[in-house]
There are 2 protein chains.
Amino acid sequence: MYFLHYQYIYNLIFKLKTMNYKPKNRLEPQEYVEGIIKGDRVILSRAITIIESNLESDKLLAKNIIQSILPKSGNSIRIGVTGVPGVGKSTFIEAFGMHLIEQGKKVAILSIDPSSQRSKGSILGDKTRMETLGQQEEAYIRPSASGDTLGGVANKTGETMLLCEAAGYDVILIETVGVGQSETAVHGMTDFFLLLMLAGAGDELQGIKKGIMEMADMVVINKADGDNITMSKMAKTQYQNALHIFPLAESGWSPVVSTASAIKNEGIDTVWNTVLEYKQMVDENGYFEKNRNTQQIQWMYNNINEALKQLFYNSENISEKLVALEKDIVTSKISPVKAAENIIEVFKRSF
Amino acid sequence: MYFLHYQYIYNLIFKLKTMNYKPKNRLEPQEYVEGIIKGDRVILSRAITIIESNLESDKLLAKNIIQSILPKSGNSIRIGVTGVPGVGKSTFIEAFGMHLIEQGKKVAILSIDPSSQRSKGSILGDKTRMETLGQQEEAYIRPSASGDTLGGVANKTGETMLLCEAAGYDVILIETVGVGQSETAVHGMTDFFLLLMLAGAGDELQGIKKGIMEMADMVVINKADGDNITMSKMAKTQYQNALHIFPLAESGWSPVVSTASAIKNEGIDTVWNTVLEYKQMVDENGYFEKNRNTQQIQWMYNNINEALKQLFYNSENISEKLVALEKDIVTSKISPVKAAENIIEVFKRSF
């Protein structure tokens, strides 16, 4: 009882603090906007920090910044890159990023690591990753915001992407670990979805969640070097056959499978050429714009749904009631339909 | 203006009517429950009609019936059967159903046809379907409830399934046309998901939506007869290779591919034997019960989410505001995140 009381006061103080606390070093919205549009990396980073911030004053500031840069956003190709740990994602992105820079592109790399949501320590934060790429003026690397919810992370990554576009980055790579749910979110905010795989995997394959494979516009068998080349070529054929049996995506694009060795810088150009081919096709058939519009609107609806859920789950007594209802459902004491009706009544009465 | 006024009055009268209208021929809840448990098909049909009814008095009655039969439900194997029109679904189900009856089973066939939601006339309502099966005492065939929403249809089909189980049906087949969204709903209420395909399809394949294939526990290449046999065997190998490359489902089951000719009654036993093998495996590894529990609980959450959405979308002015916001989003006038916040504010103020 004492403890609860203490907790309550503590939370209240914390809430008041975060509501009123306004960091001293913040600029005016217009200063951020101008800095971003000029391509000032320091200002860009500071603006992203504001987007990631949970302070009320920062949330307002973030909204103003986003609103102003919005017309300058959208001019990039957005690529989702995923694959299980061990597939060589960092090495691939380093090689791919360097290739893009050679083509005269500016590239931003944003990473979403859902595991960091829990552990608060991210494997993607590893300083030794992408050493060469990290030193390039034309590359901007930013690990994910650790948010409380996947929806929160997706919002922040999505808005960060818009800022990067306004700052003139032509290619945005959004990197995830292909084991969680963030892939669907990333697929919903990118133009092209790239899946990295290994040859002769079997066991490794099981790390990839169902449903990720079918989102892929391209599968790259990485580490196709040395003794691995034959196996990789076989894997390529297998994946090609497999993917061609599956229904075409709405884009009309047939997924491409290729091999690469990021460490030897082989096959990297093929990946970029494939992206360009895809872009040309979907520009011509109108899917590119259609998909972007759909994604933007879907983004709003995702947020609406998320907000509705929060209203519900934050409503008084709902959590305990749900636990009880789940138990009653499993023991056939109440039907799921009736259980839902009961709890919705409780929710309605809470207004 | 006149028209709107008239419409309003009309709707009001209709609403009042349906609220108070109570059909004369209804029995007491206990009479339905006893009839169902005795396996009385007439009572079962009448109870399903009540479940499908939108009358307020029937909704209450339905709830009472469900609540009472709940402990008697669950003792069946629930099989989802899907495939595009032309794949020979009716013929397959007829042959499969007859085979099950020969094995001493009682089988209920429920059909969900999303197209009937719009046209109000269902292709699945065709009287010539499943003529032999329809005449068996051990078979019960019921086309879907046409509901206003997919969630509504899923509820009604789910509850109909519970009644059929209480009436002693050992195998429940839930049939859908593999082109829409109802497959996910059906996958969420069945133990085993069966996908019917054709050999040498190519074009036909495109009728199957992405994501349906990966739900399949078994793919049956139907119409493997006559000139089609060689092609069907080739297709079988192709699907086998394709499906084995994809990650295993949580059940640990590796999808089985087989050929069948429903019209010649060939390969039908293989399908049922595969279902039995699956059942044995998931009984042993605990997935069967775990999945059933998860499905039941998920059913409640689906209803909660649906109810929350209805609260939101039925709230005043929301629809018009959404249309305006969608337009502003596409023209980069507002960010999706801010748009969602705005409309949620409108919603909150409506209480």
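# A tour of the two-chain model

Select chain A and display its strands: seven of them form an open sheet in the order β3-β2-β4-β1-β5-β6-β7, with parallel pairing. The edge strands are β3 (139–143) and β7 of chain A, each of which pairs on one side only. Neighbouring strands of this sheet are turned against each other by 20 degrees on average, direction ignored. Strands here are DSSP runs of E with at least two residues, helices are runs of H or I with at least four residues, and both are numbered from the N terminus. Two strands count as paired if DSSP finds at least two bridges between them.

This is a predicted model, in which local features need pLDDT of at least 70, side-chain atom pairs count only at pLDDT 80 or more, and totals for chains, interfaces and linings use all residues. Residues are numbered from 1 along each chain as its sequence is written, chains are lettered from A and ligands numbered from 1 in the order in which they are written, and side-chain values use heavy atoms, with hydrogens and water left out.

**Within the sheet**

Next, select residues 107–112 and 171–177 of chain A. These are strands β2 and β4, which run parallel and are joined by six bridges. A:Ile109 stands opposite A:Leu173 in β4(A).

Now add residues 89–102 of chain A, helix α5, which lies across β1 (77–83), β2, β3, β4, β5 (192–198) and β6 of chain A. Helix α5 runs at about 175 degrees to β4(A). Such angles run from 0 to 180 degrees between N-to-C directions, and the axes are lines fitted to C-alpha atoms, for helices over the stretch in contact.

Move to residues 218–222 and 256–259 of chain A, strands β6 and β7, which run parallel with four bridges between them. The bridge partner of A:Val220 in β7(A) is A:Ser258. With helix α10 (residues 229–245) of chain A, these two strands make a right-handed β-α-β unit. Right-handed means that, with the strands pointing away from the viewer, the path from the first strand over the helix to the second runs clockwise.

**The chain as a whole**

Chain A has 14 helices and seven strands. Of its 351 residues, 48% are buried. Buried means under 20% relative accessible area, exposed over 50%, and partly exposed in between (1.4 Å probe, protein chains only).

Select the cysteine at position 164 in each chain: A:Cys164 is buried, with a relative accessible area of 0%, and B:Cys164 is likewise buried at 0%. The structure holds zero disulfides over all chains, a disulfide being a pair of cysteine sulfur atoms within 2.5 Å.

**Between the chains**

Display both chains. A turn of 180 degrees and a shift of 0.0 Å along the axis lay chain B on chain A with an RMSD of 0.0 Å. That is the relation of a two-fold axis. The C-alpha of chain B nearest the axis is that of B:Ala242, at 2.0 Å. The superposition is by least squares on the C-alpha atoms of residues with pLDDT of at least 70 in both copies.

Select A:Gln296, found in helix α12 (residues 287–313) of chain A. A:Gln296 is buried, at 16% relative accessible area. Beyond neighbours within four places in sequence, A:Gln296 is in contact (heavy atoms within 4.5 Å) with A:Arg78, B:Ile329 and B:Pro336.

Finally, select B:Tyr313, in helix α12 of chain B, which is partly exposed at 28% relative accessibility. Outside its neighbours within four places in sequence, B:Tyr313 touches A:Tyr301, B:Ile318, B:Ser319 and B:Leu322.
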